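Morning, everyone. I'd like a few minutes on salt bridges. Please have a look at the structure first.

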Amino acid sequence: MNFLALFTVLASFLALGTAQSNTSDTYTNPILPTGADPWVTRYGNYYYMTYTTNDNITILRSSILTDWTNADVKLAFEPPPGQNYSTDLWAPELHNIAGSWYIIFTADPNYDSPPPETDMLCDFTCPAVNHRMYVLQGSTSDPWTSNYTMKAQLNTYDQFAIDGTYFQHTTGLYHVYSCWYSAYESWPSNLCITKMSDPWTVESNVTERQILSVPSNPWERTPYGRMQNVRLSSNEGPEQLTNSKTGQQFIIYSAARSDNRNYCLGQLELVGEDPMNNQDWRKNNENCVFYQNALQNAYSVGHASFTTSPDGTEDFIVYHGMEDPYTGWAARNIRTQKFTWNADGTPNFPRPGYGPYPVPSGQNASMSMML
């Protein structure tokens, strides 16, 4: 581990120590004082979190969803220099697929700074033009003891690709990510889907790739309602969400711009049988399903993941947001709140805020069992 990697891990650990203290019955947001693009999954008696650190991929492990002050910290991957995935590592996710662990993430070869000869090809300036998707594979069936090594670059047809995730369905495995229409179109960013033969191999060709959603609504554009200029209007950060009682499948995604107060979550529902058929998806065009709460200074709420309480009876959304909408990306921190389900089976997300909130069901019992 070089000095930069060691510093990054230590900084993450020290930041954890500044998180707000929680009582045994309630907690407050944020659960991490700094960070963005959180991914949380539960396995065994632990929650595992990854988030954007830019320089590497770090995994946190905690027995408590709402308090990461004593979390274990593991450096899962430090990219070597001079590779296409050496810099600007974004939005890592830790997935268990068929008993094996994979980390899917976005990266870039040159600190998000393409040469002028590339940038001039874009309709607008396009610093992320060289971002692509990559997959690491774990060495064991345990996410914490695994060593993670580079498995493959996912095929996105040598085009812009960020925020990729896996969509698991009875018909197979799919890659859903944020894409442009073409290599240098630059903006807007849309949601694309391709079929996979395994977690590191895309089997769809470029003509089979489907665009599931474009930022066509006012709340998906930046600034809010911009109708003519699509620069930085986006659909990104897609995540699979399943209603365990009804079996309904959703993609919850982020819309607008991530350093802007209007960043929010949109919703797609799979209403047909084929995830590769864009007509089998229904988009909620009415509004964001999770959005800023100015009365509590909760802005730019987006890029969420989903998990459950320790006893599995409650659902939680983990997301990033900011209290100061003028500071930009540096102001983001990580939060969590309980959500429920509407009568029609769609998710019913709360208004974002800071609490105090009741701790997840079974959390105290789960802690006692581990003592």
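I'll go through three pairs, one after another.

One caution before that: this is a predicted model. How many salt bridges does the count come to? The count is 6. Here are some of them.

Start with Asp 158 and Arg 132. Their side chains meet in a salt bridge, N to O at 3.1 Å. Asp 158 sits in the loop between strand S9 (148-153) and strand S10 (161-169). Arg 132 is in strand S8, residues 132-138. The two are 26 residues apart, so this pair links distant parts of the chain. Now, buried or exposed? Asp 158 has 60% relative accessibility, so it counts as exposed. Arg 132 has 7%, and under 20% means buried.

Next pair: Lys 283 and Glu 220. The closest N and O atoms of this salt bridge are 2.9 Å apart. Lys 283 belongs to strand S18, residues 281-283. Glu 220 lies in the loop between strand S14 (210-213) and strand S15 (235-242). Again the pair links distant parts of the chain, with the two positions 63 residues apart in number. Both Lys 283 and Glu 220 are buried.

Last pair: Glu 314 and Lys 338. Here the closest N and O atoms are 3.4 Å apart. Glu 314 is in the loop between strand S19 (299-308) and strand S20 (315-322), and Lys 338 is in strand S21 (residues 333-341), so the salt bridge ties together parts 24 residues apart in sequence. Glu 314 counts as buried, at 16% relative accessibility. Lys 338, at 41%, counts as partly exposed.

That's it from me. Questions?

Note on methods. Residues numbered from 1 in each chain as written. Predicted model: local features only at pLDDT ≥ 70, side-chain atom pairs only at ≥ 80, totals over all residues. Heavy atoms only, no water. Salt bridge = Lys/Arg side-chain N within 4 Å of Asp/Glu carboxyl O. Helix = DSSP H or I, 4+ residues; strand = E, 2+ residues; numbered from the N terminus. Buried < 20%, exposed > 50% of the residue type's maximum accessible area, 1.4 Å probe, protein only.
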